[in-house]
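Here are my notes on this one, roughly in the order I looked at things. Have the model open while you read.

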Amino acid sequence: MKYNENTRTTLLEKIKAAMSEKRFNHVLGVEAVALSLAERYGESKEKVSIAALTHDYAKERSDSEFKQVIRDYDYDLDLLNWNNAIWHGLVGAQFVEKELGITDESILQAIRLHTTGASQMSLLDKIIYVADYIEAGRDIPGVEKARAIAKKDLDEAVAYETKHTLAHLIDINAPIYPKTIETYNRWVAKKN
């Protein structure tokens, strides 16, 4: 995909049509902070822009649409036991590929991992994961500290976000997706 002003405009129109105004503004906020992180850490601005703009493309899809894709595309059927918080990343990349024609695997992988993280994450994966957490519209406890950390050390920002996300899930007695535990073990837990 040759990314220029025309393709960006077309992509933005398609994304905007797939989500609420609030979600679209979030996506634009994630792109802004992701581009600043790309500049700081040396990642392709084109890939960062596309991944940031499309990371929540499927966020407002119905559960039935996700379940159909999980069945039709031979995903692990254990995914049916989860919900949109997990699906919109892991399965959402399928919608991005099929409906928007984005086939770059590194972009699709960043979309898949933006909520759960992973034990192995590329620079692009980490940028989208962190940018989604710290974009300007976020007002969650600790977000200012997360923003400051992201400017200094992206790996530490991944660890901070993962630790606080996990603590939140534990605090509300929510089930924790296994990949989130893997992310914690790799980026947060102290190895002896």
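How does the radius of gyration of the chain compare with that of a compact globule of 192 residues?

1. Overall size. Keep in mind that this is a predicted model. On the question above: a compact globule with 192 residues would have a radius of gyration near 16 Å, and the chain comes in at 16 Å, so the two agree. The C-alpha trace spans about 50 × 40 × 30 Å along its principal axes.

2. Fold content. You will find eleven helices and zero strands here. Reading from the N terminus, the order is simply α-α-α-α-α-α-α-α-α-α-α. As for how the chain folds back on itself, take the contacts between residues at least 6 apart in sequence: 61% of them join residues at least 24 apart.

3. Inside and outside. Of the 192 residues, 46% count as buried. The chain exposes about 9,900 Å², and carbon and sulfur atoms supply 49% of that area. On the charge side, I get 26 positive and 30 negative side chains, with the centres of the two sets 4 Å apart.

4. The core. Nonpolar side chains tend to be buried together in soluble globular proteins. In this model the largest nonpolar core has 60 residues, and Leu79, Val91 and Val130 have the most contacts inside it. Helix H8, residues 123-134, gives the most to this core, with eight residues.

5. Val130. Worth clicking on, given its place among the residues with the most contacts inside the core. Beyond its neighbours within four places in sequence, Val130 is in contact with Leu37, Ala150, Leu154, Ala157, Val158 and Glu161. Note the glutamate in that list, Glu161.

6. Lys126. Is this lysine buried or exposed? Its relative accessible area is 11%, below the 20% cut-off, so Lys126 counts as buried. Lys126 sits in helix H8. Leaving out neighbours within four places in sequence, Lys126 is in contact with Met121, Leu154, Asp155, Val158 and Trp187. Leu154 and Val158 also turn up in the contact list of Val130, so have a look at both lists together.

7. Pro178. This proline lies in helix H11, which covers residues 178-187. Pro178 has a relative accessible area of 44%, which makes it partly exposed. What is the distance from Pro178 to Ala118 in space? C-alpha to C-alpha, they are 9.6 Å apart, with their positions 60 residues apart in sequence.

Terms used
Residues numbered from 1 in each chain as written. Predicted model: local features only at pLDDT ≥ 70, side-chain atom pairs only at ≥ 80, totals over all residues. Heavy atoms only, no water. Core = buried A, V, L, I, M, F, W, Y, C linked by side-chain atoms within 4.5 Å. Buried < 20%, exposed > 50% of the residue type's maximum accessible area, 1.4 Å probe, protein only. Helix = DSSP H or I, 4+ residues; strand = E, 2+ residues; numbered from the N terminus. Contact = heavy atoms within 4.5 Å. Rg over C-alpha atoms; globule rule 2.2 N^0.38 Å. Areas by Shrake-Rupley, 256 points an atom, 1.4 Å probe, with all protein chains shown as cover. Lys, Arg positive; Asp, Glu negative; His and termini not counted. Charge placed at Lys NZ, Arg CZ, Asp CG, Glu CD.
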